[in-house]
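Okay, everyone, pull up the model on your screens. I'll walk through it piece by piece, so just follow along with me.

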Amino acid sequence: MANDSSADHPSADLGAYVKKLARASVLVVGDAMLDRYTYGEVTRVSPEAPVPILTVTREVAMPGGAGNVVRNLIALDASAAFVSVVGDDQAGSDLTGLIGGQERVEPWLLVQNGRTTTMKTRYIAQGQHLIRADREERIALPEKLCERLLKIALDAMAATTVTVLSDYNKGVLSAPVCAALIEGAQKLGRKIIVDPKGRDYARYKGADILTPNRKELAEATNMPVESEAQIVTAAKALIAWYGFGAVLVTRSEDGMSLITAEEVLHFPGEAREVYDVSGAGIRWWRPWPPASPPRCRWWRLQGWPISPAASSSPRSAPLSPARRIFSPISPPPPGRCRKSSPRPPPPRWPSAGACAAIRSALPMAVLICCIRAMCICWSNAGRCATG
């Protein structure tokens with residue numbers, strides 16, 4: 001009988017696993033992207049069309065996609081090798097410079113002639129996300145480039161302790177590449193974590209940990225995933241079909257569920273009602289319901305280690321560089337708080353810099369739970385969990 005339990009106080013365990021990352025070396029293979037953030041102010045509407053005019057004040061660029069996984073690892077004091085493909089364009093050159101400029105990263109960014117480097121540009125005014133413009137090319141890699149990528153990745157795998165496949169369906173992690181990497185990891189005795197994309201999970205067969213969200217789990221299994229019991233059933237179906245060691249399901253404001261063949265752990269989400277949304281420890285922003293309370297609802301992973309000062313007053317202490325990635329994802333939409341008597345004070349919007357953390361919060365929580373899943377897998381296999 002599988003052990004079904006909830007993680008009532010996971011903070012101590014997760015904190016211990018975070019410290020272990022300082023000794024870890026991780027290989028990340030996947031789709032690299034360039035995230036650009038264009039900040040400005042909107043004070044008028046265009047006379048040419050009913051659209052706002054953004055007066056640009058500053059622009060920020062940072063690695064996205066699989067590159068964001070590398071950023072999170074570095075923030076946790078781990079070292080990383082990064083294997084991906086970029087195009088021979090300005091975005092590819094900028095992304096190569098950003099990745100190469102990070103400490104403890106060994107970049108292997110192969111250049112494909114004629115390829116468009118994936119770039120996502122977000123336009124933000126007064127803390128509000130106005131629009132996102134994407135440039136991308138979803139094409140499979142040429143055979144020779146695949147062979148070169150696999151050779152580099154397998155050599156790097158032998159020199160690292162764990163491998164992460166970060167799939168965004170942009171062409172780097174095709175079915176043959178995934179199969180070769182998973183087979184190579186099994187031969188070398190390395191654990192492999194997959195952040196999947198698409199409906200066909202057969203390409204990830206044999207991976208140690210899979211990290212779908214609730215929607216992806218439903219699409220991959222064609223099974224209902226509304227309740228915890230249904231999520232467990234669907235995740236165990238994936239384990240039976242494709243031989244995964246564990247499935248970590250992210251459930252937005254409901255938390256996460258970690259399922260293996262023998263054990264089930266639920267990490268519930270904790271709702272917090274706050275007026276100042278600029279503090280650390282924020283995890284997910286709940287999609288705004290039609291009938292929501294007058295104050296702004298935000299979510300974080302229950303039991304996450306936050307100092308008492310930070311918990312009671314998010315502005316009471318400055319954030320260290322390693323914790324700035326936990327800044328708010330985005331402010332709540334305007335005009336959606338219901339009136340009440342007496343009317344609560346208006347929320348204080350996060351600074352423009354806080355919005356640059358939009359892609360950092362969830363992958364960090366997923367990564368830490370993956371570490372816990374790896375320890376469970378090692379324990380079930382009779383290995384030392386701290387090895």
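Let's begin at strand 10, residues 191-195, which is mostly covered, with 4 of its 5 residues buried. Buried here means under 20% relative accessible area, exposed means over 50%, and partly exposed is in between, using a 1.4 Å probe and protein chains only. Strands, by the way, are DSSP runs of E with at least two residues, helices are runs of H or I with at least four, and both are numbered from the N terminus.

Before I go on, a word on what we're looking at: this is a predicted model, where local features need pLDDT of at least 70, side-chain atom pairs count only at pLDDT 80 or more, and totals for chains, interfaces and linings use all residues. Residues are numbered from 1 along each chain as its sequence is written, and side-chain values use heavy atoms, with hydrogens and water left out.

Back to strand 10, then. What does strand 10 pair with? It pairs with strand 9 in the parallel sense over 5 bridges, and with strand 11, residues 209-210, also in the parallel sense, over 2 bridges. When I say two strands pair, I mean DSSP finds at least two bridges between them. If you want to click on some residues, Val162 has Lys191 in strand 10 as its bridge partner, and Ile193 has Ile209 in strand 11. Strand 9, helix 5 and strand 10 together make a right-handed β-α-β unit. Right-handed means that, with the strands pointing away from you, the path from the first strand over the helix to the second runs clockwise.

Now, helix 4. That's residues 143-158, so 16 residues, and from first C-alpha to last it reaches 23 Å, close to the 22 Å expected at 1.5 Å a residue. That expected span is 1.5 Å times one less than the number of residues. Which residues of helix 4 are buried? They are Leu145, Cys146, Leu149, Leu150, Ile152, Ala153, Ala156 and Met157. What covers them includes strand 2 (25-30), strand 5 (79-87), strand 6 (105-112), strand 9 (162-166) and helix 5 (175-188). Contact, for this kind of thing, means heavy atoms within 4.5 Å.

Two of those strands, 5 and 6, pair in the parallel sense over 8 bridges, and Ser84 has Leu109 in strand 6 as its bridge partner. To get from strand 5 to strand 6, the chain goes through helix 3, residues 90-100, and this β-α-β crossover is right-handed.

Follow helix 3 and you'll meet another sheet. Helix 3 lies across strand 3 (32-45), strand 4 and strand 7, running at about 110 degrees to strand 3. For angles like that, axes are lines fitted to C-alpha atoms, for helices over the stretch in contact, and the angles run from 0 to 180 degrees between N-to-C directions.

The sheet itself is open, with 4 strands in the order 4-3-7-8 and mixed pairing. Strand 4 (52-65) and strand 8 (128-135) are at the edges with a single partner strand each, so one side of each has no neighbour in the sheet. On average, neighbouring strands of this sheet are turned by 20 degrees against each other, ignoring direction. Strand 7, residues 119-125, pairs with strand 8 in the antiparallel sense over 7 bridges, and one bridge to look up is Met119, whose partner in strand 8 is Arg135.

Next stop, helix 2, residues 66-75. Why do we call helix 2 largely enclosed by the rest of the structure? Because 8 of its 10 residues are buried, among them Val69, Val70, Leu73 and Ile74. Right after helix 2 comes Asp77, with a positive phi near 70 degrees.

There are a couple of other positive phi values in residues other than glycine. Asn222 has phi near 55 degrees and is in the loop between helix 6 (214-221) and helix 7; at 68% relative accessibility, Asn222 counts as exposed. Ser252 also has phi near 55 degrees and is in the loop between strand 12 and strand 13 (256-260), but at 32% Ser252 counts as partly exposed.

To finish, let's zoom out. The protein chain has 9 helices and 16 strands, and buried residues make up 49% of its 387 residues. Among contacts between residues at least 6 apart in sequence, 70% join residues at least 24 apart.
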